[in-house]
Amino acid sequence: MTDLYRVSVTELVQFSCRSGDLPTGLQVSSGPTASEGQKAHRKLQKRRPKGVETEVAVTQTLAGLQISGRIDVVYPGQLPPIIEEIKSTHVSVDKLDHGQQQLHWSQAKVYGYCYAMQYDLEQVAIQVVWYNTLEDTEHSAQQIMSRAELATFAEQVVRRYLDWMRLLDAHREKARHTARELRFPYGEFRPGQRRMAESVYRVIRDGGNLLAEAPTGTGKTMSVLFPAVKAIGANKIDKILYLTAKRTTRELAQIAIQKMVDQGLVLTYVILQAKKNTCFCLREDKSSEPAPFQLGDPAPSLDESACAYCKGFFDRLPEAREALLKAGHLTQEVIERYARDFQLCPFELALQMLHWVDIAVCDYNYVYDPLVRLAYFDESRERMVALVDESHNLPDRARSMYSGALSSRLPAATTGFSRKDLLGRRVQALARVLRRSRSDEDASEVVLAEPDNTVYNACQRVTEVISEFSEKGGRLTPEGLEWLKTLYRYLKIHELFAPSHRTIWTRQDRHTEVELFCCDATRWLQVLNEKIHAKVFFSATLSPPAFYSHRLGAMSDGAMTDDCPPHWPKWLALDATFPAENQGVFVLPFIDLRWHARARFESRIVQLIDILRTSKAGHYLVFFPSYGFMNQIHALWQQYRPDIPVVVQTTDSKDTEREAFLAHFSAGHPPTLGFAIIGGVFAEGVDFEGDRLSGAMILGVGLPQFNLRQSLLKAEFEQQGLPGFDYAYRYPAMTRVLQTAGRVIRSETDRGVVVLVDSRFNHAEYRTRFPNHWQPELCAQESAFANALAAFWRGS
Ligand code: SF4
């Protein structure tokens, strides 16, 4: 048990004093932004008369809890001295939610208690000032409280917090004990698994960054989770964050945790799902099962303001929280059960529990996205490890998190914006500002190094009237709320605009789009990573290490090996877990798939596909660099082999279509030929174990399209003194190729072939990126390819 707990005043009152409803819909976006609030604080502090003190630090210990914080303003010369708490709003005080007002008073009272104790005062005047940032008006209220009254209040608040912390501590004692006792759940370590687990443990123990490249079949999920759990047992860390890019990898993490739980581990964990997959209202409205989460899917259509699960959320939360701590394993089913029992929003309940569990499994964006990041990660004193799964995805995901765009083409008329009200008129004014901007330019695309302040101001004018609109009972449709989120992202990215951003103006059909395009999000990743004690970035493809170390923002810690520069992270590369001879790798350099040349080779490609397909009965996938090229080859194939149907990936495959596509590649299904996209949904995160895939043909080196944004990336890296073409094109392309090739061999007993079709695969720049365990065989023409395949399959 801990002798002395520590907490900030803000955290303490948020935990013990919050009551009332969960803010939803427009309420979430109607208040001042964080930066507006900070500005307002500074403004008011400057307005105060001489002799007042601002940002006064206080610390008090009560019943074994050390409380600390900074008081906004103190008037020490007054009798009694005044303790002032400033709160910025966009509405008049009488419109503020009662629960929120109580929270503000609670905070001021706890500060008052600390101040009275610190300076041995018998009485203090507690003052809350609500500052309306739009009207520049202050409304203040005051109450004089004696030290005894403040102490009684503080004792109640502290007791609620300490009761919970003691409960949590009792759980943690037990959790650590079972973590220490835990044995590796699969008995024996697989090849490479022990080495990986040891490296992970060391980096957690010492802090810093580890980049681990481990091929398919290593059992990466358990290799990182097991040592992290042992580190909890050894009291090296308090919490594990398992960060993923996909739902499928979240499920794998859950299976691994459950495996350890089955062995007696008593850790609590929560798996955060997307809101649309957890929301009760969506399901009740549509009487359907939730849609599986996919990145980039549009937001769900729901009107939260009518939701019964938000009403009184914070009143019922404490009891639910306690019950959930006892339940321990907060899978979606468990969260939902308790959410139903206590009539709480299941999504928000899971988010609340993230603070208290030992393991949180969630998407990258809860840590790295400036609009989604949980304040908890900035306030928490817990020692954490972030296990970043499939981390080769993070740099590009992060770039999109730090980009924002707006268009003069407003969403459909169903948004709820109407010209009759001020909000609708301001939205229209913003659209006009966008339409008129750069209207004198001839070029359809213009790139600037600065953001546009006129657009920013017009955006702010929209946000200023949201509260008023909401107060008057205005409602937006889900589409309107979604558009507002886009607006808030744009505003945030404008505020964060850095030298690695560009503003791209695009004009098309009388409409203008402005994009704040992030070329490199490394600086933010680095800052956020540094707040976490230890980070493990792992994937089957993290080479070259210098590229990924830089792009993951992991270049600041001490190195483990002597031959690394001191600012490099620790680096681990494991060998393949299967015998090299189980995988045939054939390079076909006689086909030129550069964009201008590929049309000449289309019929030969069709023949190559047929050679592959007929080399041995089985399932085969052909991966293309683009949908356009895939459709062209598909059309040719239908002429050449109309008797052999092909399953083809579609641009916006719904989940059911994806499942149907994959069903063709199941054991016992007749041999299937499939066409898919390099780096697409069938090229990553899909397991084709055993006979589910005999071979993959990869057409082209997977370079991204040459376009304006890619050339901006290249220029940005060159400006940083880095190899621009490699960073913007070649390295990410080869990561996609290697991920795609990695679908073929998924276990030690699998056998299969990878066929690399493009003259560039024979160039040193690409060949040097081949994994060490590959034994590529060069085939100079079709007949050599057919013979090589036959020889490989004879060896089976
Ligand atoms: S249950 Fe659904 S509508 Fe209600 S607050 Fe939660 S996510 Fe929103």
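Two strands are taken to pair if DSSP finds at least two bridges between them. In this predicted model, strand E7 (residues 208-213) and E18 meet that condition with four bridges, and they pair in the parallel sense. Within this pairing, Leu210 stands opposite Lys570 in E18. The side chains of E18 (residues 570-573) alternate along the strand. Lys570 and Leu572 point to one face and are buried, while Trp571 and Ala573 point to the other face and are not.

A further set of strands makes up an open sheet. Its four members follow the order E13-E16-E15-E14, with antiparallel pairing. Strand E13 (404-407) and strand E14 (445-448) are the edge strands, each pairing on one side only. From one strand to the next, the twist averages 15°. E13 is joined to strand E16 (residues 511-518) by four bridges, and the two run antiparallel; here Gly404 stands opposite Leu516 in E16. A helix accompanies these strands: H17 (residues 422-436) lies across E13, strand E15 (501-508) and E16, and runs at about 85° to E16.

We turn next to the helices, beginning at the N-terminal end of the numbering. Helix H1 (residues 9-17) has Val9, Leu12, Val13, Phe15, Ser16 and Cys17 as buried residues. Seen down the axis of H1, these residues fall within an arc of 165°, so they line one face of the helix. The cover over the buried residues of H1 includes two strands, E1 (5-8) and E3 (65-75), together with helices H4 (98-118), H5 (147-181) and H11 (313-327).

Helix H29 (residues 782-794) offers a second example of a helix with a buried side. Its 13 residues reach 18 Å from the first C-alpha to the last, close to the 18 Å expected at 1.5 Å a residue. Buried in H29 are Glu782, Phe785, Ala788, Leu789, Phe792 and Trp793. These residues lie on the same side of H29 because they cover an arc of only 130° around the axis. An α-helix has 3.6 residues a turn, so residues three or four places apart point the same way. The face of H29 turned away from the buried side carries the exposed residues Asn787 and Arg794. Among the elements that cover the buried residues of H29 are helix H23 (602-615) and the strands E19 (583-588), E20 (620-624), E23 (695-699), E24 (752-757) and E25 (776-778).

Gln710 is found in helix H26 (residues 708-719). This residue counts as buried because its relative accessibility is 13%, under the 20% limit. Leaving aside neighbours within four places in sequence, Gln710 is in contact with Pro704, Gln705, Ala728 and Tyr729. By contrast, 59 Å separates the C-alpha atoms of Gln710 and Phe153, which are 557 residues apart along the chain.

Finally, the nonpolar interior can be described through its cores. The largest nonpolar core has 153 residues, and Tyr368 and Leu756 are those with the most contacts inside it. H5 gives the most to this core, contributing eleven residues. Not counting residues up to four places away in sequence, Tyr368 touches Leu243, Val388, Leu394, Met401, Tyr402, Leu525, Leu528, Asn529 and Phe537. A second core, separate from the largest one, has 40 residues, including Ala175, Val224, Leu387 and Phe538.

Methods. Residues are numbered from 1 along each chain as its sequence is written. This is a predicted model: local features need pLDDT of at least 70, side-chain atom pairs count only at pLDDT 80 or more; totals for chains, interfaces and linings use all residues. Side-chain values use heavy atoms; hydrogens and water are left out. The expected span of a helix is 1.5 Å times one less than its number of residues. Buried means under 20% relative accessible area, exposed over 50%, partly exposed in between (1.4 Å probe, protein chains only). The arc is that of the directions from the helix axis to the C-beta atoms. Contact means heavy atoms within 4.5 Å. Axes are lines fitted to C-alpha atoms, for helices over the stretch in contact, and angles run from 0 to 180 degrees between N-to-C directions. A nonpolar core is a set of buried Ala, Val, Leu, Ile, Met, Phe, Trp, Tyr and Cys residues joined through side-chain atoms within 4.5 Å.
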